[in-house]
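Hi everyone, thanks for making time today. I'd like to walk you through one structure, stop by stop, so please have a look at it as we go.

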Amino acid sequence: MGYVAGLRCKECGAAYPVEPRTVCDEDFGPVEVVYDYEAMRGKVTRTSIEAGPRSLWRYRDLLPIEGEPRVGFHSGFTPLIKADKLAAELGVKAVYIKDDSTNYPTYSYKDRVVAVALTKAMEFGYDTVGCASTGNLAHSVAAHAARAGLKAVVLVPYDLEEGKIVGSQVFGPRMVKIRGNYDDVNRLCSQIADKYGWAIVNVNLRPYYTEGAKTHGFEIAEQLGWRLPAHTVVPVAGGTILPKIWKAYQEFITLGLVEDTHPKIYGAQAAGCSPVSTAIQQGQDLFTPQKPCTIAKSIAIGNPADGFYVMKVVRESGGWAEMADDEEILDAVRLLARTEGIFTEPAGGTTLACAIKLIESGRIPRDEPVCVCITGNGLKTIEVMQGRCGQADVIDAKMEQFDDLMAAAV
Ligand SMILES: *Cc1c(COP(=O)(O)O)cnc(C)c1O
Ligand SMILES: [Zn+2]
């Protein structure tokens, strides 16, 4: 059972059956899963969703699987935090943090897309899965594959943070470091998918994988009490999650689960890798690829596969895009930690730093609620914060020394 109607090219509309596929044969446009929303009417309701599991699979009717979920039983359904201290500090009425730094099992938004992709890979009968990754996707593919009993091959740029390497290797995948940047890794992965007949989640399973990102948006709407935030600020790497949050909001509107309050979507990129934000700010139709140079490595993709659709959604929704430099990113990481007790990686710092700029420039009015999408966990990239969070005092285990310390601190 299920409501999937098939695949459709986003450019020419050509229809394809449910099969492993990356692009359209006619024009190489990306293909997307389409659903029969009419058939869902009256069946997919607030009540039916609320009765589902406390994981991303509560939205399974809007996900492209045929049978039962096979992995990711605890992924998704992360907290939506009303960040009052942060809001006060920023001088705005309401800030919400959608906190995927707590996602299970690998602490980033990628556990959503991988849960869907690996379930689909098993439905298609693959025994080996893989990915090109800036780090987090590799963690998630390796962990979910271990749990599901699939073989995993993960390819990453050679210069990733050590935490990003160990965080994959511990799960026992075949890990290959590529001398090159993410775009080089991705190009090689496309060739591997064809030649070796593996399920590369971000290549030949891409249409299914990307659908998992919708669940981040579904959760925001449900957790807000079946309402849409006026403004949603989303990080942009390959450009998957931003258009999918929009698609999630639109699907809930179509199904009558939320009112259409014309939500605006904003893109956030690091200044050292900002092809999409630059194009939006300069009013260009197409973005120019860049060579990444930023501490926000998990979003350092210079030639985003879905960058074009990010621009389209941002414009259609009436949003905007921003970029933040490395110092602003680190400041935002510390701000979120200090005000809300959430430690995010530089990608999350980028998103918050861009949200702040959008507020300060007046693009996001101070009296309207804004949702900031925090997509990764800071404990994976502690190197970037080392020496930037103050110093600890060192004393012997003696009361006088502690007393001296306290006396000096006043
Ligand atoms: C992958 C990733 C993103 C966004 O990537 P998209 O390809 O644009 O969906 C954002 N933040 C973190 C931490 C990520 O790992
Ligand atoms: Zn096409």
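Let's start with the metal. The protein donors of the zinc ion, ligand 2, are the SG atoms of Cys9, Cys12 and Cys24, together with two OD entries from Asp27, and they lie 2.2 to 2.6 Å from the zinc. Please keep in mind that this is a predicted model. If you follow the donors of this zinc ion along the chain, their spacing reads C-x2-C-x11-C-x2-D.

Now, are these cysteines buried or exposed? Cys9 has a relative accessibility of 3%, and Cys24 has 0%. Buried means under 20% relative accessible area, so Cys9 counts as buried, and so does Cys24. Cys12 has a relative accessible area of 44%, so this residue is partly exposed. And how many disulfides does a search of the whole structure find? The number is zero.

Next, let's move on to helices. Two packed helices are described by the angle between their axes and the distance between the axes.

Our first pair is H4, residues 110-124, and H5, residues 136-148. Their axes are 9 Å apart, and the packing angle is about 45°. Angles of 35 to 65 degrees count as oblique, so that is the word for H4 and H5. The crossing of H4 past H5 is right-handed. On the H4 side, the residues that meet H5 are Lys110, Asp111, Val114, Ala115, Leu118 and Met122. Across from them, H5 brings Asn136, Leu137, Ser140, Val141, His144, Ala145 and Ala148.

The other pair is H9, residues 214-223, with H10, residues 241-254. Here the angle is about 50° and the axes are 7 Å apart, so H9 and H10 are oblique to each other. H9 passes H10 in a right-handed crossing. From H9, the contact uses Lys214, His216, Gly217, Phe218, Ile220 and Ala221. The H10 residues in this contact include Ile241, Ile245, Ala248, Tyr249 and Phe252.

One last stop, back beside H4. Where is Ser108 found? Look in the loop between strand E5, residues 95-99, and H4. Ser108 has a relative accessibility of 1%, so this serine counts as buried. What is Ser108 in contact with, leaving aside its neighbours within four places in sequence? The partners are Asp100, Asn103, Asn136, Thr375, Gly376 and Lys380. You may remember Asn136 from the H5 side of the contact with H4.

That's the tour, and I'm happy to go back to any stop.

Note on methods. Residues numbered from 1 in each chain as written. Chains lettered and ligands numbered in written order. Predicted model: local features only at pLDDT ≥ 70, side-chain atom pairs only at ≥ 80, totals over all residues. Heavy atoms only, no water. Donors = N, O, S within 2.8 Å, 3.2 Å for Na, K, Ca; no water. Buried < 20%, exposed > 50% of the residue type's maximum accessible area, 1.4 Å probe, protein only. Disulfide = S-S within 2.5 Å. Axes fitted to C-alpha atoms, helices over the stretch in contact; angles between N-to-C directions. Helix = DSSP H or I, 4+ residues; strand = E, 2+ residues; numbered from the N terminus. Parallel < 35°, antiparallel > 145°, perpendicular 65-115°, else oblique. Left-handed = near helix turned anticlockwise from the far one by under 90°. Contact = heavy atoms within 4.5 Å.
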